[in-house]
Amino acid sequence: MTQPWEIETFLEIRNNQLHVDGVSAIDLVNDHATPLFIFSEKRIRHNITRLKRAADVIDCPLKVCYAAKAMSTMGILRAVKEAGCDIEVNSGGELWKALKAGFAGEQIIFNGTSKEIWELEAAISANIYAIQVDSPLELALIDETAQRLNKKIRVSLRLVPEIESATHHGLQTALLTSKFGMMPDEALECFRQYKDSQNLDLAGIHLHIGSQNPSSAGYSEAFEILFLNLHKIYAETGIKLSHINLGGGFPINYIAGDESAETFSEERKEMFSADFDPADAIENAWRTVKRAAENSNALHLLDDLELLLEPGRSIIADAGVLLTSVRNIKLRPVQTSAASDQRSIDHWLLTDAGFNLTLSMVTYQWYYHLISAARAGDEHRFPYKLAGPLCDGGDVYFDIEGAGRLPDHRPLPENVQVGEVLAMLNCGAYTMSQASQYNGRFLPAIVLIDYDGKPKLIRKCDTFEDLVANDL
Ligand SMILES: Cc1ncc(COP(=O)(O)O)c(C=O)c1O
């Protein structure tokens, strides 16, 4: 292997071109044009297997539910299901897609802060595994709805435990200042109030620390908080919970083998390079909780408990690559030193993929490792200003804030020409699932390299008609 980002049999350089699972990225572009997403089914399975190893280090059953919000194209949902994973959905739309992809009700959990009655009806009617409840008001609605449908539904109450994670502020979800969940005291009151409900099975409590969490310690802290709450609920209401849901948030290393990230601040580097094994985090968390249970003579509360996880990013992010072509090139003078009024030249590359397809460089200051797919083995040292196609000054892949959160330039081989295909790595999560047709741009095709190494088109590129499909 010639480049530090290569991963044997998955991401490799052959004939100087990027290959995914042995398939040439350039061949796929010749067949499908750019922008183009490529996903690897093998990598998805590998990631799910890695997460499921957590089952070997705890003394209770584990249920891993893929967070569909990270990427929910049908072909991906089917691949996740084939890999033996359950699913977490965040809306009636995702629930519908999960059922259509073949997930059974028992495999589905349903999150969300603003669920509508029709969504609750759909979830209850599908006999899903559990609805994660975001407020006391929502619990009342679920009770009423289940009663009307003459059904009983399992619920899990989402707590806001005041755990801070050193991740991006938009990805923090466990603080009082965030919009999610209910305070532990409110939850306790709900358990008291609905203890005898004929329509609710008050089964669990839930939290989600945040996404791309740099430290595994948060999982021990979170699990201990959940256990203390579980104990209190038992002590004060007699309800013995049957599951605990620790959420998702396991990170992936966005800058593995990426020299240009060496200029990042320590804090940014810590977040983008976070790379702990989920099983290690869960093993430590389980040990912490067991100790807490022993100390409070409450080990019996761990009997028959099930642990739920709902990871998205750690399943799909590094399984996806976005291919984009250079469509325009500009040379622009730049003032390198105000004092000397010296000018040099910036080489600008304008591509066909912007924040319509990736996390925005402005709102999220997100970063993706960039390489030339066509010349993957060449030295990547020439500095370019890289930007997308959108009519928005923030549609760039470098720092425009002067805050040093992104690099000033993106290194690629020298002499990039119009038509050269570039690849953004680790692009699978929160990209296509948040993509838009902004500026009348087509949502792109997606190819999944299946488990046998065969490329399968799982989404065709939009057509003109798709741009106006619902306009009247
Ligand atoms: C409640 C909940 N569960 C799971 C996830 C998935 O997180 P991640 O993709 O970081 O694993 C999220 C996303 O932030 C979430 O809000």
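**Figure 1. Strands E5 and E6 sit side by side.** In this predicted model, E5 and E6 pair in the parallel sense, held by 3 bridges. To find your way around the pair, look for Ala67, which stands opposite Glu88 in E6. On to how enclosed strand E5 is: it covers residues 62-67, and 5 of its 6 residues are buried, so the rest of the structure largely encloses it.

**Figure 2. E5 also pairs with E12.** Here E5 and E12 run parallel, joined by 3 bridges. A handy landmark is Val64, which stands opposite Leu309 in E12. Strand E12 (residues 306-309) is joined to strand E11 (residues 243-245) too, again by 3 bridges and with the two running parallel. In that pairing, look for His243, which stands opposite Glu306 in E12.

**Figure 3. Eight strands make a closed barrel.** Now for the whole ring: 8 strands close into a barrel, and you can follow them in the order E5-E6-E7-E8-E9-E10-E11-E12, with parallel pairing. Going from one strand to the next, the twist averages 30 degrees. As a bit of background, strands of a sheet pair through backbone hydrogen bonds, and they can do so parallel or antiparallel.

**Figure 4. Helix H4 lies across two strands.** The helix here, H4, takes in residues 92-100 and lies across strand E6 (86-89) and strand E7 (108-110). Against E6, helix H4 runs at about 160 degrees.

**Figure 5. A close look at Ile109 in strand E7.** Ile109 is found in strand E7. Is Ile109 buried or exposed? It has 27 C-beta neighbours inside 10 Å, so it counts as buried. Setting aside neighbours within four places in sequence, Ile109 is in contact with Cys65, Glu88, Ile128, Tyr129, Ala130, Gln132, Leu308 and Glu310. Take Leu308: in sequence, Ile109 and Leu308 are 199 residues apart, yet their C-alpha atoms are 9.8 Å apart in space.

**Figure 6. Helices H6 and H7 meet.** The axes of helix H6 (residues 136-148) and helix H7 (residues 184-194) come within 10 Å and cross at roughly 25 degrees. That angle makes H6 roughly parallel to H7. The crossing of the two, H6 and H7, is right-handed. On the H6 side, the contact is made by Pro136, Leu139 and Asp143, while H7 brings Glu186, Cys190 and Tyr194. Sorted by class, the contact of H6 with H7 has 4 nonpolar residues, 2 charged ones and no polar ones.

**Figure 7. Helices H8 and H10 pack together.** Helix H8 (residues 217-237) and H10 pack at an angle of about 35 degrees, and their axes are 8 Å apart. The crossing of H8 and H10 is right-handed. Residues from H8 in this contact include Tyr219, Phe223 and Phe227, and among those from H10 are Ile282, Thr288 and Val289. By class, the contact of H8 with H10 divides into 10 nonpolar, 3 polar and 1 charged.

**Figure 8. Asp275 sits in a loop.** You'll find Asp275 in the loop between helix H9 (266-272) and helix H10 (278-295). With 13 C-beta neighbours inside 10 Å, Asp275 counts as partly exposed. Which residues does Asp275 touch, not counting those up to four places away in sequence? They are Pro251 and Asn253. Asn213 is also worth finding in this view: Asp275 and Asn213 are 62 residues apart along the chain, with their C-alpha atoms separated by 9.4 Å.

Notes. Residues are numbered from 1 along each chain as its sequence is written. This is a predicted model: local features need pLDDT of at least 70, side-chain atom pairs count only at pLDDT 80 or more; totals for chains, interfaces and linings use all residues. Two strands pair if DSSP finds at least two bridges between them. Helices (H or I, at least four residues) and strands (E, at least two) are DSSP runs, numbered from the N terminus. Axes are lines fitted to C-alpha atoms, for helices over the stretch in contact, and angles run from 0 to 180 degrees between N-to-C directions. Two residues are in contact if their C-beta atoms, placed from the backbone, lie within 7 Å. A residue is buried if 20 or more other C-beta atoms lie within 10 Å of its own, exposed if 12 or fewer, and partly exposed in between; C-beta atoms are placed from the backbone. Angles under 35 degrees count as roughly parallel, over 145 as roughly antiparallel, 65 to 115 as roughly perpendicular and the rest as oblique. A crossing is left-handed if the near helix is turned anticlockwise from the far one by less than a right angle, and right-handed if clockwise. Ala, Val, Leu, Ile, Met, Phe, Trp, Tyr, Cys and Pro count as nonpolar, Asp, Glu, Lys and Arg as charged, and the others, Gly among them, as polar.
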